[in-house]
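Please give a careful report on this structure for someone who has not met it before. It should begin with the chain as a whole and then turn to individual helices, loops and backbone features.

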Amino acid sequence: MDFLRLALDEARKCTPSPTAFCVGCVLTASYPSDSSKPVILARGYSRELPGNTHAEANALTKARQLSQRELAELFPDAPHPVDIDTVLAHADIYTTMEPCSVRTSGLPPCADAIIAARIRRCFIGVGEPDDFVKCEGAQKLKDAGVDVVWLSGLEKECLEVARMGREQ
């Protein structure tokens, strides 16, 4: 639940938009062993990076930008050089809202990016309401073999933050 709370902190950084949700994301990895303590690889929030970007895509972009030196510092026990794709296969993603399965902008959906990165688990704070599109991100992830975990207890807060700046 701690990583979801950190994702909520990220979501609060979003500039509200009448046509999009404010979502936050934290990407963690336990590497080289799954029993290793999880390390935060990257954080992201909606519209953080240029181009109408989403939280999950931003966290993945930032993780892929980590240098070899930064990866070695994060994972000192890993064989070097550390390969980000290998690390991502040991990663979990925590997102305040269900990853999108459709983008009205025409950009690739976040569910596709998570699948392509071979993320093993996705922890979700709240399902995406049908405000803009019908989201099937969680099902798309499950169908691709990603373990989807719905976290309970912060749904109301995740939804309130997601709709910041809009009349409810």
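Two residues are said to be in contact when they have heavy atoms within 4.5 Å. In this predicted model, among contacts between residues at least 6 apart in sequence, 72% join residues at least 24 apart.

**The chain as a whole**

The secondary structure consists of seven helices and five strands, and reading along the sequence gives the order α-β-β-α-α-α-β-α-β-α-β-α. The C-alpha trace spans about 50 × 30 × 30 Å along its principal axes. A compact globule of 168 residues would have a radius of gyration near 15 Å, and the chain, with its 15 Å, agrees with this. Of the 168 residues, 48% count as buried, while the area that the chain exposes comes to about 8100 Å², of which carbon and sulfur atoms supply 51%. The chain carries 19 positive and 24 negative charges, and the mean positions of these two groups are 2 Å apart.

**Two helices and their buried residues**

Helix α7, which runs over residues 155–162, has C158, V161 and A162 buried. These residues cover an arc of only 100° around the axis, and therefore they lie on the same side of α7. The buried residues of α7 pack against α1, residues 2–11.

In helix α2, residues 55–64, the buried residues are A55, E56, N58, A59, L60 and A63. The partners against which the buried residues of α2 pack are the strands β1 (24–29), β2 (39–45) and β3, together with the helices α4 (84–88) and α5.

**Two buried loop residues**

T96 is placed in the loop between β3 (91–95) and α5 (110–116). Is T96 buried or exposed? Its relative accessible area is 1%, and because buried means under 20%, T96 counts as buried. Leaving aside neighbours within four places in sequence, the residues in contact with T96 include L4, A7, L8 and A11, as well as C22, V23, G24 and C158. One of these contacts, C158, is also among the buried residues of helix α7.

A117 lies in the loop between α5 and β4 (121–124), and with 4% relative accessibility A117 is buried as well. Beyond its neighbours within four places in sequence, A117 is in contact with L60, R64, L88 and A89; of these, L60 is listed among the buried residues of α2. A117 and D85 are 32 residues apart in sequence, and their C-alpha atoms are 6.9 Å apart in space.

**Backbone features in the loops**

Most residues other than glycine have a negative phi, and most peptide bonds are trans. The table gathers places in this model that depart from that pattern.

| Site | Feature | Value |
|---|---|---|
| Y31 and P32 | cis peptide bond | omega about 15° |
| H80 to P81 | cis peptide bond | omega near 0° |
| R47 | positive phi | about 65° |
| R118 | positive phi | near 65° |

Each of these sites involves a loop residue: P32 is in the loop between β1 and β2, and P81 is found in the loop between α3 (68–74) and α4. R47 belongs to the loop between β2 and α2, where its relative accessibility of 24% makes R47 partly exposed. R118 is placed in the loop between α5 and β4, and at 51% relative accessibility R118 counts as exposed, whereas A117, which lies in the loop between α5 and β4, is buried.

Definitions and conventions:
Residues numbered from 1 in each chain as written. Predicted model: local features only at pLDDT ≥ 70, side-chain atom pairs only at ≥ 80, totals over all residues. Heavy atoms only, no water. Helix = DSSP H or I, 4+ residues; strand = E, 2+ residues; numbered from the N terminus. Rg over C-alpha atoms; globule rule 2.2 N^0.38 Å. Buried < 20%, exposed > 50% of the residue type's maximum accessible area, 1.4 Å probe, protein only. Areas by Shrake-Rupley, 256 points an atom, 1.4 Å probe, with all protein chains shown as cover. Lys, Arg positive; Asp, Glu negative; His and termini not counted. Charge placed at Lys NZ, Arg CZ, Asp CG, Glu CD. Arc of directions from axis to C-beta.
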